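Hi,

Here is the structure I promised to pass on. Have a look at it first, and then read my notes underneath.

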2 protein chains.
Amino acid sequence: MTDEPTYELFSFWRSSATYRVRVALALKGLSARERNVDLDAGEQRGADFLRVNPMGAIPALVQAGGPTITQSLAILEYLDETHPQPALLPADPVGRARVRSIAAGLTSDTHPLITPRIRRYLTTQGGFDDAAWRRWQIQWFSTGLQALEARLGAEAQTGAYCHGDSVTMADICLASIVAVMRVFKIEVPDIPTVDAIMARCEAHEAFARAHPLRQAGAPRPA
Amino acid sequence: MTDEPTYELFSFWRSSATYRVRVALALKGLSARERNVDLDAGEQRGADFLRVNPMGAIPALVQAGGPTITQSLAILEYLDETHPQPALLPADPVGRARVRSIAAGLTSDTHPLITPRIRRYLTTQGGFDDAAWRRWQIQWFSTGLQALEARLGAEAQTGAYCHGDSVTMADICLASIVAVMRVFKIEVPDIPTVDAIMARCEAHEAFARAHPLRQAGAPRPA
């Protein structure tokens, strides 16, 4: 830990997007006081939280006396610009584009489909029962991770991590999806490269401490 | 136009994500030869296109002799890093975070929900009829744009455009959502700030030329 200004992080234990910010803060040796926003209870739509983020979404990172920063990838880019070491992006534009593309594929094409508001809509207005919701979750976790596996397997830049041999935003986003998928007890077959990268992430203290089940508010093991 | 290397842009007339890249290229005075990938015919899942992008998604920007870059925001960041003028992001980290946050809110929270693959799933496996699909579209366009309206109205950095008085990635993403929404003939009420910014974008030649209905493959006016 450093003498950096303290951050407040508006968060929820199971939130995949919050996990990304937790990992990035830990990798950069920064600390944040977490403020729980209970998504299951709808607190993200309450007046108190809407004053923090009018968009009603977590994570929101608030710096003492400073701005509120929202959207996980914008927060990661901000932390990388203001605390450059260790870098979460490679130095070359083509490598940066590849890492951002992998990250966006996970955060834009997979994660938005399995959030609480989508579950709420599909189960209350879309006619989905629990089994239909689970098929939906499995469909999009599988589609996203199997497409990423094809990409990682085909591209020479893949290393011990998604891009070379050090952690980037791509790994943070990948781990955030896989960690939440496991909370839902969903397994996607035939993704050996993804599984190997995830195992390396799990061995990292920054990732391990960000795990959903280690956060305040998480269900305790049975 | 400049002497820059020619790009190939794998695209589809109605694609919101492709629109973003078209605008960014035009703003920077770059040209690209468009290669049509017919999403309605499923060409994005064909072997030919999977060799270009194993993820099976457009846009994909291919530079002569260079890499293939995918995911619209990664492409915009790449173009901004390699062709810095005019800048698509402000110079200060907090401003950059705000612009990226607005952009990500649109591209991650709104756009992924109304793509062809989601329509296909909901109408073939989810029990949605045409009316249910339309309600779904209206729900997420409205939720996204009304939340953005609340944010733009509340934040002092909003100017003639989403962030100050010049075009940024945020405006490109906003216009990409609104343009496609109009193709679907959906109107969201009570978003005056959004409407005013959209009108300014539409007056820009770079945006006007990127319009879905002006692209090859678009339906002709009745």
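Below is what I found, going from the pair of chains down to one helix.

Before anything else, keep in mind that this is a predicted model.

**How the two chains sit together**

Try laying chain A over chain B. A rotation of 180 degrees does it, with 0.0 Å of shift along the axis and an RMSD of 0.0 Å. The two copies are therefore related as by a two-fold rotation axis. If you want to find that axis on screen, look for S108(A): of the residues of chain A, its C-alpha comes closest to the axis, at 2.2 Å.

Now for the contact itself. Chain A puts in 34 residues, and chain B puts in 34 residues. On the chain A side, strand 4 (68-70), helix 3 (72-82), helix 4 (93-109) and helix 6 (130-154) each supply at least two residues. Helix 4 of chain A gives the most, with eleven residues. Sorted by class, this side of chain A has 17 nonpolar, eleven polar and six charged residues. Also, 100% of the interface residues of chain A are interface residues in chain B too, so the copies meet through the same surface.

**Inside chain A**

The domain assignment splits chain A into domain 1 (8-86) and domain 2 (93-209). Their centres, taken over C-alpha atoms, are 20 Å apart. Where they touch, twelve residues of domain 1 of chain A are in contact with 16 residues of domain 2 of chain A. On the domain 1 side, helix 1 (16-27) and helix 3 of chain A each supply at least two residues, and helix 1 of chain A gives the most, with seven. By class, that side of domain 1 of chain A has eight nonpolar, two polar and two charged residues.

**The core and helix 8**

In soluble globular proteins, nonpolar side chains tend to be buried together. Here the largest nonpolar core has 132 residues, and L174(A) and L174(B) have the most contacts inside it. Leaving aside neighbours within four places in sequence, L174(B) is in contact with L106(B), C162(B), V194(B), I197(B) and M198(B).

Some of those names come back in helix 8 (residues 192-202) of chain B, where V194(B), I197(B), M198(B) and C201(B) are buried. These four cover an arc of only 105 degrees around the axis, which puts them on the same side of helix 8 of chain B. What do they pack against? Helix 6 (130-154), helix 7 (169-183) and helix 9 (205-209) of chain B. On the other side of helix 8 of chain B, P192(B) and A199(B) are exposed.

Cheers

Note on methods. Residues are numbered from 1 along each chain as its sequence is written. Chains are lettered from A and ligands numbered from 1 in the order in which they are written. This is a predicted model: local features need pLDDT of at least 70, side-chain atom pairs count only at pLDDT 80 or more; totals for chains, interfaces and linings use all residues. Two residues are in contact if their C-beta atoms, placed from the backbone, lie within 7 Å. Ala, Val, Leu, Ile, Met, Phe, Trp, Tyr, Cys and Pro count as nonpolar, Asp, Glu, Lys and Arg as charged, and the others, Gly among them, as polar. A nonpolar core is a set of buried Ala, Val, Leu, Ile, Met, Phe, Trp, Tyr and Cys residues joined through C-beta atoms within 7 Å. A residue is buried if 20 or more other C-beta atoms lie within 10 Å of its own, exposed if 12 or fewer, and partly exposed in between; C-beta atoms are placed from the backbone. Copies are superposed by least squares on the C-alpha atoms of residues with pLDDT of at least 70 in both. The arc is that of the directions from the helix axis to the C-beta atoms. Domain bounds come from an automatic or database domain assignment.
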